[in-house]
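Visitor: Could you take me on a close look at a single part of this protein? I am new to reading structures, so please go step by step.

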Amino acid sequence: MKPYVISNVGMTLDGKLSTVENDTRISGENDLKRVHQIRKDVDAIMVGIGTVLKDNPKLTIHKIPLENNKNPVRIVVDSNLRIPLDSRVLNEDAKTVIATTEYGSLEQSEKIKRIEKIKELESIENVEIIYSGNLKVDLELLMGKLSKMDIKSILLEGGGTLNWGMFEKNLVDEVRVYVAPKIFGGSNAPTYVDGDGFKTLEDCVNLELIDYYQMDEGIVLEYFIKKDNNQENQE
Ligand SMILES: NC(=O)C1=CN([C@@H]2O[C@H](COP(=O)(O)OP(=O)(O)OC[C@H]3O[C@@H](n4cnc5c(N)ncnc54)[C@H](O)[C@@H]3O)[C@@H](O)[C@H]2O)C=CC1
Ligand SMILES: Nc1nc(O)c(N)c(N[C@@H]2O[C@H](COP(=O)(O)O)[C@@H](O)[C@H]2O)n1
C-alpha cells in the first residue's frame with residue numbers, strides 16, 4: 001500500500017511556478033485558503049529540498065483556523081541533507097520527516113556530521129530522518145515507509161523536480177492546480193513538472209478532468225490520474 005497523493009500547485013498559464021527571480025506570488029488569498037483546506041484534510045505535506053532552500057516555507061495550516069492544534073506531518077525530500085538547520089520546516093509547529101539516501105554523492109563523513117546536527121534537533125522530538133535509496137531518494141521505497149508510519153494521504157506541493165520524480169514513478173493519484181491568468185516566461189523559471197520529461201506520448205501521464213471552477217482571478221482544475229496509462233496511450 002502507498003499513501004494517496006494529491007499534487008497541488010499555483011501556476012501561470014505558461015506552467016511556471018515562479019519567475020526567473022523566484023517571485024512565487026501566483027495564488028490569491030482564496031486559493032491559498034483552498035490549499036490550506038487540503039493541508040487540513042491530509043496526513044502529510046511533501047516538498048523537495050529545492051523548495052525549502054528557495055521559499056523557506058512553514059508548511060503548516062495558517063491561512064484557516066487550525067483545529068485541535070494538529071498540523072500534518074511535513075516531509076522534505078533531501079538526498080544530500082542540504083536542509084539548513086534554521087529552516088522554518090524544522091520548527092516545533094509540526095513533526096518533520098527528512099527523507100534522505102543511505103549513500104549519496106555527499107562524502108559520508110560530512111553526511112554523518114549533518115545527521116548529528118539534525119539529531120540535536122531530534123531531542124525536541126519533532127524531526128525524524130528516514131533513509132531510502134542511494135544517490136537520490138527512492139520515492140517508491142519512501143512511499144512504502146511513509147505508509148508504515150500510518151501516513152495514508154499526502155499533499156505534494158512541489159517543486160518541479162520532485163513533481164517530475166513523483167509523476168515519473170506513477171505515484172500521484174490526483175491533481176489540483178490553480179492557473180493564474182499570467183505569463184511569466186523564461187526557460188529557467190521552474191515549471192509544474194520539470195526533470196527529464198517523458199520521451200513519447202506512450203509514456204506520458206493521462207488525466208481525467210473531474211472539476212473546474214473560478215477562484216480569485218484564475219481557475220482551479222481538478223483531475224484524477226488514469227492508472228491504466230500504458231493501455232490508454234496505445235489506443
Ligand atoms: N507555485 C507553487 O505552487 C510552487 C512553487 N515552487 C517553486 O518551485 C521551485 C523549487 O523547485 P525545484 O528547484 O525543482 O526543487 P524541488 O522542491 O522539486 O526539490 C528538488 C530536490 O528534491 C530532491 N530529490 C531527491 N530525490 C528526488 C527524486 N527521486 N526525484 C526528484 N527530486 C528528488 C533533490 O535534491 C532535488 O534537487 C521554487 O522556485 C519554488 O518557489 C515550489 C512549490 C510550489
Ligand atoms: N498553491 C500555491 N500557490 C502559490 O502561489 C505559491 N507560491 C505556493 N507555494 C507553495 O507554498 C509554500 C509556502 O507555504 P507556507 O505558506 O510557508 O506554509 C511554498 O513553499 C510552496 O510549496 N503554492
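Visitor: Is N68 buried or exposed, and how many other C-beta atoms lie within 10 Å? Please start there and then show me the rest around it.

Guide: Happy to! Please keep in mind that this is a predicted model. N68 is exposed, because 5 other C-beta atoms lie within 10 Å of its own, and a residue counts as exposed at 12 or fewer. You will find N68 in the loop between α2 and β3. The backbone deserves a look too: N68 is not a glycine, yet its phi is positive, about 55°. Most residues other than glycine have a negative phi.

Now look at N69, which lies in the loop between α2 and β3 as well. N69 also has a positive phi of about 55° without being a glycine. With 6 C-beta neighbours inside 10 Å, N69 counts as exposed too.

From this loop, let us follow the chain into β3. This strand, residues 73-77, pairs with β2 in the parallel sense over five bridges. To see one of those bridges, find M46 and its partner I75 in β3. On the other strand of this pair, β2, five of the five residues are buried, so β2 is largely enclosed by the rest of the structure. Try turning the view to see both faces of β2: A44, M46 and G48 are buried on one side, and I45 and V47 are buried on the other. In a regular strand the side chains alternate between the two faces of the sheet.

β3 has another partner, β4, and four bridges join these two parallel strands. Here V76 stands opposite I98 in β4. β4 covers residues 96-100, and five of the five are buried, so β4 is largely enclosed by the rest of the structure. T96, I98 and T100 point one way from β4, while V97 and A99 point the other way. Going on from β4, you reach β5, residues 127-131, which runs parallel to β4 and is joined to it by five bridges. In that pair, T96 stands opposite V127.

These strands bring us to the nonpolar core. The largest one has 45 residues, and A44, M46, I75, V76, V77, A99 and I154 touch the most other members. In soluble globular proteins, nonpolar side chains tend to be buried together. A99 makes a good example to click on: leaving aside neighbours within four places in sequence, A99 is in contact with I75, V76, V77, D78, I130, S132, V137 and L142.

Next, find helix α5, residues 160-168, whose buried residues are G160, L162, N163, G165, M166 and F167. Among the elements that cover them are β1, β2, β3, α4 and β6. In the loop between β6 and α5 sits G159, and a cis peptide bond, with omega about 0°, joins G158 and G159. Most peptide bonds are trans. After α5 comes N170, whose phi is positive, near 60°. N170 also lets us look back to where we started: N68 and N170 are 102 residues apart in sequence and 34 Å apart in space, C-alpha to C-alpha.

Two ligands are also worth finding. Around ligand 1 there are 29 residues, and G48, G50, G158, G159 and G165 come nearest. You have already met G48 in β2 and G165 in α5. β1, β2, α2 and α5 each supply at least two residues of this shell, and α2 gives the most, with five. By class, the shell has 10 nonpolar, 13 polar and six charged residues.

Ligand 2 has 17 residues around it, of which G10, T24, I26, S27 and P57 come nearest. β1 and α2 each supply at least two residues there, with β1 giving the most, three. This shell has seven nonpolar, seven polar and three charged residues.

Finally, zoom out to the whole chain. It has six helices and nine strands, and buried residues make up 34% of its 235 residues. Its radius of gyration is 18 Å, which agrees with the value near 18 Å for a compact globule with 235 residues. Among contacts between residues at least 6 apart in sequence, 76% join residues at least 24 apart.

Key. Residues numbered from 1 in each chain as written. Chains lettered and ligands numbered in written order. Predicted model: local features only at pLDDT ≥ 70, side-chain atom pairs only at ≥ 80, totals over all residues. Near = placed C-beta within 6 Å. Nonpolar A, V, L, I, M, F, W, Y, C, P; charged D, E, K, R; others polar. Rg over C-alpha atoms; globule rule 2.2 N^0.38 Å. Buried ≥ 20, exposed ≤ 12 C-beta atoms within 10 Å, placed from the backbone. Contact = placed C-beta atoms within 7 Å. Core = buried A, V, L, I, M, F, W, Y, C linked by C-beta atoms within 7 Å. Pairing = 2+ DSSP bridges.
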